[in-house]
Amino acid sequence: MSIHVASITAPVNIATLKYWGKRDADLNLPTNSSISVTLSQDDLRTLTSAACSAQFTEDKLWLNGEEESLGSKRTQDCLADLRQMRQQMEQADSALEPMSQWKLHIVSENNFPTAAGLASSAAGFAALVTAIAKLYSLPQDMSELSMVARKGSGSACRSLFGGFVAWEMGQLADGTDSKAVQVASREQWPEMKAVILVVSDEKKDTSSTQGMQLTVRTSDLFQERIKTVVPQRFDEMKRAIVARDFEMFAELTMKDSNSFHATCLDSYPPIFYINDTSKKVIRLCHAINAYFNRNVVAYTFDAGPNAVMYYLQENESKLLPFFYPLLSTVEGWGTKFTAETLQGFE
Ligand code: 2P0
């Protein structure tokens with residue numbers, strides 16, 4: 001039996017300018033552009049292998065060792081796009097094997113807890129799409145493939161690039177201009193580091209998709225956020241990254257996390273992602289920055305209570321005394337996350 005196989009890893013990304021809100025839920029088209037930092041492959045990543053063969057009788061997926069349904073619309077949309085791209089190649093070159101007609105077997109593994117609210121869907125869909133693109137030898141570039149990953153999970157489109165990445169929301173109704181682009185590579189600002197404080201590894205209460213829909217429908221503050229706040233911040237943050245201006249990057253990152261969580265609180269009924277422990281981390285970061293009289297650390301929170309903090313390598317030794325009680329390891333610009341809980345932290 002002839003089987004073709006390709007494997008790839010895709011990293012987690014953590015937004016510094018948050019994606020929150022869809023203008024088209026089918027195509028995962030966002031109401032605003034966003035920016036993220038892609039973490040190191042050594043830290044949090046998904047490893048995916050995709051295989052196809054004329055002998056396979058159905059599409060199958062194994063996630064962290066368990067067989068899972070491949071039937072979700074999002075996954076089906078990604079597979080359909082990738083098969084169509086492959087089919088176009090096969091039509092142009094009859095010597096190619098008809099892989100687009102063959103069934104796929106996909107094996108995917110995270111090296112971190114899937115349900116811990118650590119952006120597993122972003123790395124998962126990014127790995128799924130790039131593994132199959134590699135298997136099919138697709139000629140599309142990463143921005144083009146990011147539009148396929150976006151259909152799987154919005155934030156996944158940003159995990160196709162390393163370094164600092166923008167997801168341009170686009171204007172078109174068919175989503176063909178809603179894609180990820182790289183703002184700066186990791187090498188352009190190698191001193192940037194991140195650390196994740198795992199406050200809770202429980203699955204979040206309100207899924208991102210449901211939360212976004214509720215916010216779009218009910219929050220007045222959200223309207224202000226997408227009309228005036230984010231468009232300006234998007235340009236400012238890109239400029240701060242290119243100029244390696246940590247002071248500005250940190251301020252924009254913290255403000256945008258707070259703005260996003262404010263729209264969650266302004267939703268009706270309200271959505272609470274950060275908890276009292278998260279708020280202690282926020283206060284600690286502001287106290288540290290006030291102590292040094294400049295921004296040496298920036299916090300950000302996604303759809304859950306876990307804190308991600310960004311800082312420059314040169315300040316790590318200054319920050320460690322503050323964070324040491326909370327951390328088991330701090331290493332790499334990527335991250336080490338600690339299972340130690342912060343519940344007791346005052
Ligand atoms: C982000 N989040 O920019 C924001 C910040 C959470 C808070 O993208 O419905 O899993 O699959 O498009 O990408 C989480 O939402 O949502 C997210 P879907 P996704 O990273």
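Two strands are taken to pair if DSSP finds at least two bridges between them. On this basis, in what is a predicted model, strand S2 and strand S5 (residues 34–38) qualify as partners, since they are joined over 4 bridges in the antiparallel sense. Within this pairing, Asn13 has Thr38 of S5 as its bridge partner.

The S2–S5 pair belongs to an open sheet of 4 strands, which follow one another in the order S2-S5-S10-S11 and are paired in antiparallel fashion. Strand S2 (13–17) and strand S11 (179–184) occupy the edges of this sheet, and because each has a single partner strand, one side of each remains without a neighbour in the sheet. From one strand to the next, the twist of this sheet averages 35 degrees.

A further open sheet is built from 5 strands, arranged in the order S1-S6-S9-S7-S8, and here the pairing is mixed. Its edges are formed by strand S1 (4–11) and strand S8 (66–68), each of which has a single partner strand, so that one side of each is left without a neighbour in the sheet. The twist in this case averages 20 degrees from one strand to the next. Among the pairings in the sheet is that of strand S7 (residues 60–63) with strand S9 (residues 103–110), which run parallel and are joined by 4 bridges; in this pairing, Leu63 is placed opposite Ser108 in S9. In general terms, the strands of a sheet are paired through backbone hydrogen bonds, in either a parallel or an antiparallel manner.

Helical packing is illustrated by helix H5 (residues 220–242) and helix H6 (residues 246–265), whose axes lie 10 Å apart and which pack at an angle of about 160 degrees. Since angles over 145 degrees count as roughly antiparallel, H5 and H6 are therefore described as roughly antiparallel to each other. The crossing that these two helices, H5 and H6, make is left-handed.

The surroundings of the ligand comprise 14 residues, of which the closest are Ala15, Ser153, Gly154, Ser155 and Ser208. When the shell around the ligand is divided by class, 8 of its residues are polar, 4 are nonpolar and 2 are charged. Residues are contributed to this shell both by domain 1 (4–186) and by domain 2 (192–338), and the ligand therefore lies between the two domains.

Technical notes: Residues are numbered from 1 along each chain as its sequence is written. This is a predicted model: local features need pLDDT of at least 70, side-chain atom pairs count only at pLDDT 80 or more; totals for chains, interfaces and linings use all residues. Axes are lines fitted to C-alpha atoms, for helices over the stretch in contact, and angles run from 0 to 180 degrees between N-to-C directions. A residue is near a molecule or strand if its C-beta atom, placed from the backbone, lies within 6 Å of it. Ala, Val, Leu, Ile, Met, Phe, Trp, Tyr, Cys and Pro count as nonpolar, Asp, Glu, Lys and Arg as charged, and the others, Gly among them, as polar. Domain bounds come from an automatic or database domain assignment. Angles under 35 degrees count as roughly parallel, over 145 as roughly antiparallel, 65 to 115 as roughly perpendicular and the rest as oblique. A crossing is left-handed if the near helix is turned anticlockwise from the far one by less than a right angle, and right-handed if clockwise.
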